[in-house]
Amino acid sequence: MDMLKVKNKKAVSEIAGITYKANKKRNILTIFAIVLTTFLIAVVMAVGVSYWNTIIERQIRMEGMDYDIELSEPREDQVEQIRSMDNVEYAGIAVKCAVLEQYQDKSLDKIKIYWLDETCWKKQTIPALESYEGSYPQSKNEIMLGMNALKAMGIQNPEIGMKVFVTYSILANDANMELLENEFVLSGWYIDYSGDKRGYVSEEFFETTGVKQTDFTQGTLKITLRNPLYSEKDITEMQNAIDLDGNQIIDADYDTNSNFCKIVAGLIILLFMIFASGYLFIYNTLYISIAKDIRYYGQLKTVGMTSVQLKTMVYQQAIRNAVIGIPLGLMAAVIAAKIIIPQLLHIVNPILSAGDVVSVNVWVFLIAGCFAFFTNIISCKKPAKMAGDCSPIEALRYTIGRVKGKNRERESGGTYSMALQNMFRDKKQAVIIFVSFIIALSVFLVINVIILENDARSVLNEVYCYDIRFKNETMLDNDRRQLITDDMISRIESMEGIKSVRKVTSTEAVIPYQEDVYGAYYEELYQSRYSPGNYEDDMRLYQQDPDNDLFTARFISVDEKGFEALNEKLGNTLNKDDFENGKIAAAVKTFTEGDNGMIGKTIRFYLPDGKEANKKYTIQIAAVGDIYSNPAYFSGGYTPDLIVSEKYAGKLLGEPLTELIDVEYEEAFSKETEQKVKEVFYDDKQISYESKLERYSEMKSSETQVKVLGNSIGFMIAMLAILNYLNMMAASVQNRSKEFATLESIGMTTKQLKKMLRMEGIGYAAISIVISLIIGIPISYVVFNGINIYRIPFSIPWMSNVILFSIVLVLCMTVPVFIYQKTQNYSIIERLRKGEDQ
Amino acid sequence: MNILETENLKKYYDMGEIQVKALDGISLSVKKGEFLAIVGTSGSGKSTLLHMLGGLDIPTSGKVIVDGKDISKMTKDELTIFRRRKIGFVFQNYNLLPLMNVYENIVLPIKLDGIKPDRKYVEQIVEMLGLKEKKYAMPNQLSGGQQQRVALARALATKPAIILADEPTGNLDSRTSQDVLGLMKTTGQRFGQTIVMITHNDEIAQMAGRIIRLEDGKICGGGNGYAESEE
């Protein structure tokens with residue numbers, strides 16, 4: 001074998017060099033494709049990672065605290081045991097110890113006051129805050145409040161050290177319900193996206209309240225795991241290790257693993273598609289000249305180059321292209337991801353420092369670079385392989401898109417049918433064009449669906465069923481009175497921009513002990529973790545004293561629109577007429593599962609605030625719902641609340657007190673409408689409100705980030721789709737130079753030629769748009785559901801897609817014609833000759 | 001009556017510092033119904049001349065008058081339409097469209113004119129040129145002679161006044177060449193068409209009614225175009 005070994009490496013390299021220089025124009029095109037693909041992939045990945053991080057961050061901020069699982073009412077020994085566990089990163093204690101009731105003369109909507117230990121504050125709470133000022137309370141009279149709580153108190157511009165005089169109650173088990181007063185000093189405030197109204201106090205203050213971390217529902221141990229992907233088995237093991245008391249539970253979400261898998265699957269599909277469209281872009285660029293290459297390699301073969309040498313030469317060329325193209329692409333990507341997009345964000349939202357918006361990992365660039373490199377090599381190899389596989393003479397004669405020798409019995413031949421034939425002239429190329437185009441368009445569709453899904457507005461629309469809610473805070477007081485009058489409601493209803501106002505009234509109902517109706521419910525309740533005490537004792541108490549606070553219920557009414565919403569949540573099981581006429585009611589309860597056999601039973605009740613306080617009424621329970629179906633806010637005792645029609649409530653109560661109204665706007669998040677509506681209750685200190693718009697405004701800084709990053713990705717993908725198309729069209733027109741000349745020579749006018757090209761373009765656009773919709777919608781649906789955290793209903797952002805589709809259509813119609821005009825300006829005869837040389 | 005005339009036709013190319021005179025003052029006239037052969041060695045300018053006659057190439061100076069109209073004054077699209085209606089081309093390498101079958105190739109120029117093909121006439125040509133069996137075949141299923149017959153049929157399809165043939169037999173063996181040329185001559189006579197053919201083959205040229213010889217872009221043999229036509 002040694003005999004055959006000759007030193008030809010140098011010769012091959014020389015030919016590679018010469019070929020490379022000779023094909024300068026083409027190589028520039030290839031390099032351009034590599035630069036673009038590297039750039040697009042790197043930017044999409046870098047921005048995608050940042051986008052994802054922003055979404056996760058926002059999700060944590062919406063939850064207000066960052067932990068994986070929690071243990072209720074933790075004992076000291078359990079805390080120590082858990083903290084020493086291998087799979088526990090850290091565990092912090094949070095105890096709810098007081099509730100702020102009033103600030104100055106303003107009734108507050110129960111601002112909850114917590115004490116957090118250092119771990120919980122520093123490791124689990126701070127990461128979930130958008131920002132905070134000041135510090136955690138140290139001394140007894142210090143307090144830290146959330147911006148939400150401050151706003152509810154009417155403090156718009158808090159200052160550290162300002163005095164806050166509040167009325168509050170403490171949550172100790174043995175505390176009587178009396179109200180206390182204290183002048184706190186504001187030690188700090190914070191912003192998160194939880195929408196909760198909360199505050200924090202010092203350990204010293206916490207100790208004065210007498211609340212213990214083991215008090216029922218007050219204390220929790222927030223646990224952050226080393227591996228957040230836990231299984232049910234892990235939790236059971238932990239439970240077994242720490243010896244739980246009767247009421248204690250570990251609250252964990254066992255879907256974490258499967259949710260994670262879904263997200264990963266969704267992202268893999270997406271990434272695969274992005275890579276595929278990048279791959280096809282480079283492949284297309286190289287495929288264009290495949291015939292020329294094959295003929296050229298055939299020539300080299302005729303003069304004695306072996307297939308191995310051919311391959312070596314091809315690799316060398318490919319490496320040259322990669323060495324020039326990839327670094328350029330990566331450089332451009334760094335500039336875009338590190339400078340342009342952050343600057344863009346900084347302009348949109350000056351609070352964001354331009355430095356830390358897009359976190360670019362080195363591996364992102366590594367992957368993008370490797371990807372472009374291998375795509376380039378694989379695509380280059382093809383002509384060499386084809387030239388190597390056939391005889392040199394066959395290689396010399398090679399043309400792409402040869403028609404198979406088969407009679408075609410048709411007699412068409414107009415511009416339209418020619419355009420149609422041209423589209424599918426080279427089946428393989430047609431497939432590649434369509435596949436690359438369809439993938440790029442589908443990716444765009446999928447990305448847009450994800451962006452829409454993660455839009456804070458979509459998220460909030462799912463979390464809130466109203467735009468603003470006004471609530472009468474005196475409902476449970478002794479001096480309760482009608483604050484939200486029908487007059488005010490009709491004023492709101494008549495305003496421009498209001499879609500609907502749902503009114504909910506409520507009053508206390510006393511429901512005598514009725515074992516046949518509520519027996520099963522009470523049994524389950526007293527066996528649950530929320531058991532109020534001893535079943536036998538309490539039931540005896542209930543029978544003797546049914547109007548004890550423990551056993552009262554709320555008698556709630558909804559109007560017609562409220563009925564629709566309620567009935568939908570209950571699976572449309574209520575008959576409207578019967579409900580309207582007071583024959584049936586819905587029961588809602590919190591602590592048990594299922595309907596506890598209440599459906600169909602008739603209950604007796606009386607209304608202490610009704611027209612006839614002692615008169616007993618009966619009504620049939622037609623449906624049972626949980627806390628999510630309860631349109632009211634305030635709760636009574638443990639007996640399930642009753643929901644009836646407004647008409648029936650009016651009959652029994654005269655003018656029932658309106659507990660709350662839910663206002664929906666024609667245009668959600670409308671500032672103008674919100675302002676007008678708020679004015680109606682402007683001066684009333686006893687009416688609190690909760691607004692979707694205000695929560696949205698709080699989320700704004702992350703929202704602009706999400707939007708700019710998301711749109712950047714969408715833009716990049718759209719670019720990839722469009723460039724891919726331009727590339728194909730340019731190639732197709734140039735490849736057919738000779739054919740156009742032939743057509744012109746036999747009498748096709750430029751006008752007819754342009755028309756044919758336009759028809760082809762429309763055909764490509766229309767077919768790929770239709771197929772990408774057929775393929776893209778199901779894929780986007782799958783990806784959408786994979787990463788759907790807030791159970792947002794699937795919808796397609798038609799606007800952006802219609803825009804892209806229109807751009808594609810316009811480009812398809814104009815670009816081939818433009819390229820034809822720019823490139824086919826030699827005389828027919830020159831083009832005919834040139835075609836022969838090819 | 002002259003169907004085709006040129007006046008002092010020139011075509012110069014600049015190749016670096018050298019100026020190539022492909023055509024250097026050609027004046028020529030062809031009568032209706034004539035069969036003219038232009039002969040010359042390669043590089044003599046015969047192809048350039050034919051291309052000028054058909055409006056496929058633009059002269060540096062001079063006039064080309066076809067059927068009384070100066071085609072050098074026409075716009076690109078006017079020229080194309082004029083060519084489609086008046087001139088049929090036959091190329092050495094046939095230039096058939098590979099994606100269309102024989103019939104579609106033949107009727108394409110008619111369809112481009114927005115006219116429904118005259119079936120009877122097309123069938124007549126197909127029959128005459130012996131393509132009946134191959135009507136639906138694709139070009140790559142045909143031999144060279146068959147392909148050239150298709151090209152001829154395509155040239156005849158629009159009933160043009162003039163057929164311009166650029167080395168029509170260049171790629172064919174001698175027997176097939178005779179066949180194709182015979183057919184060209186017959187159809188020309190039958191439909192009263194003028195034929196201008198270029199060739200480097202003297203034997204083939206002999207089949208024409210008149211021969212002119214080109215050398216270095218000038219008419220040098222077979223008589224001056226004017227002289228003969230004035231006879």
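Analyst: Two strands pair if DSSP finds at least two bridges between them. The model discussed here is predicted, and that criterion can be applied to chain A at the outset.

User: How do you know that strand E12 and strand E18 of chain A pair?

Analyst: The requirement is at least two bridges, and E12(A), residues 498-509, has seven bridges to E18(A), residues 658-665, in the antiparallel sense. The criterion is therefore met. One of the bridges links A:Val501 to A:Val663 in E18(A).

User: What makes strand E15 and strand E19 of chain A edge strands?

Analyst: Chain A has an open sheet of nine strands with mixed pairing, whose order is E15-E16-E14-E17-E13-E12-E18-E11-E19. E15(A), residues 602-605, and E19(A), residues 687-691, each have a single partner strand, so one side of each has no neighbour in the sheet. Averaged over this sheet and with direction ignored, neighbouring strands are turned by 30 degrees against each other.

User: At what angle does helix H21 of chain A run to strand E17 of chain A, and which strands does H21(A) lie across?

Analyst: H21(A), residues 646-653, runs at about 100 degrees to E17(A), and lies across E12, E13, E16 and E17 of chain A.

User: Turning to chain B, why is helix H3 called roughly parallel to helix H5?

Analyst: The axes of H3(B), residues 102-112, and H5(B), residues 144-157, cross at roughly 25 degrees and come within 7 Å. Because angles under 35 degrees count as roughly parallel, H3(B) is described as roughly parallel to H5(B). The crossing of H3(B) past H5(B) is right-handed.

User: What makes the contact of H3(B) with H5(B) divide into nine nonpolar, one polar and one charged residue?

Analyst: On the H3(B) side the contact involves B:Val102, B:Asn105, B:Ile106, B:Val107, B:Leu108, B:Pro109 and B:Ile110, and these meet B:Val150, B:Ala153, B:Arg154 and B:Ala157 of H5(B). Since Arg counts as charged and Asn falls among the polar residues, B:Arg154 and B:Asn105 are the exceptions in this list, leaving nine nonpolar residues in the contact.

User: Why is helix H4 of chain B described as roughly antiparallel to H5(B)?

Analyst: The axes of H4(B), residues 119-128, and H5(B) come within 10 Å and cross at roughly 150 degrees. Angles over 145 degrees count as roughly antiparallel, which means that H4(B) is placed in that class relative to H5(B). This crossing is right-handed, and the residues that make the contact are B:Val122, B:Ile125 and B:Val126 of H4(B) with B:Ala153, B:Leu156 and B:Ala157 of H5(B). The contact divides into six nonpolar residues, with no polar and no charged ones.

User: Why is strand E3 of chain B said to be largely enclosed by the rest of the structure?

Analyst: A residue is buried if 20 or more other C-beta atoms lie within 10 Å of its own, and five of the five residues of E3(B) are buried, so the strand is largely enclosed. B:Phe35, B:Ala37 and B:Val39 point one way from E3(B), whereas B:Leu36 and B:Ile38 point the other way, and all are buried. For the whole of chain B, with 231 residues, 49% count as buried.

User: How do you know that E3(B) pairs with strand E8 of chain B and with strand E9 of chain B?

Analyst: Set against the minimum of two bridges, E3(B) has five to E8(B), residues 194-199, and runs parallel to it. E3(B) also has four bridges to E9(B), residues 210-215, again in the parallel sense. B:Leu36 takes part on both sides, its bridge partner being B:Val196 in E8(B) and B:Arg210 in E9(B).

User: Why does B:Gly43 count as partly exposed?

Analyst: Exposed means 12 or fewer C-beta neighbours and buried means 20 or more; B:Gly43 has 14 inside 10 Å, so it is classed as partly exposed. B:Gly43 is found in the loop between E3(B) and helix H1 of chain B. The C-alpha atoms of B:Gly43 and B:Asp216 are separated by 7.3 Å, although their positions lie 173 residues apart along the chain.

User: What makes strand E1 and strand E2 of chain B a hairpin?

Analyst: E1(B), residues 2-15, and E2(B), residues 18-31, run antiparallel and are joined by 11 bridges, with two residues between them. B:Gly16 in the turn has a positive phi of about 65 degrees, and B:Leu4 stands opposite B:Val30 in E2(B).

Technical notes: Residues are numbered from 1 along each chain as its sequence is written. Chains are lettered from A and ligands numbered from 1 in the order in which they are written. This is a predicted model: local features need pLDDT of at least 70, side-chain atom pairs count only at pLDDT 80 or more; totals for chains, interfaces and linings use all residues. Axes are lines fitted to C-alpha atoms, for helices over the stretch in contact, and angles run from 0 to 180 degrees between N-to-C directions. Angles under 35 degrees count as roughly parallel, over 145 as roughly antiparallel, 65 to 115 as roughly perpendicular and the rest as oblique. A crossing is left-handed if the near helix is turned anticlockwise from the far one by less than a right angle, and right-handed if clockwise. Two residues are in contact if their C-beta atoms, placed from the backbone, lie within 7 Å.
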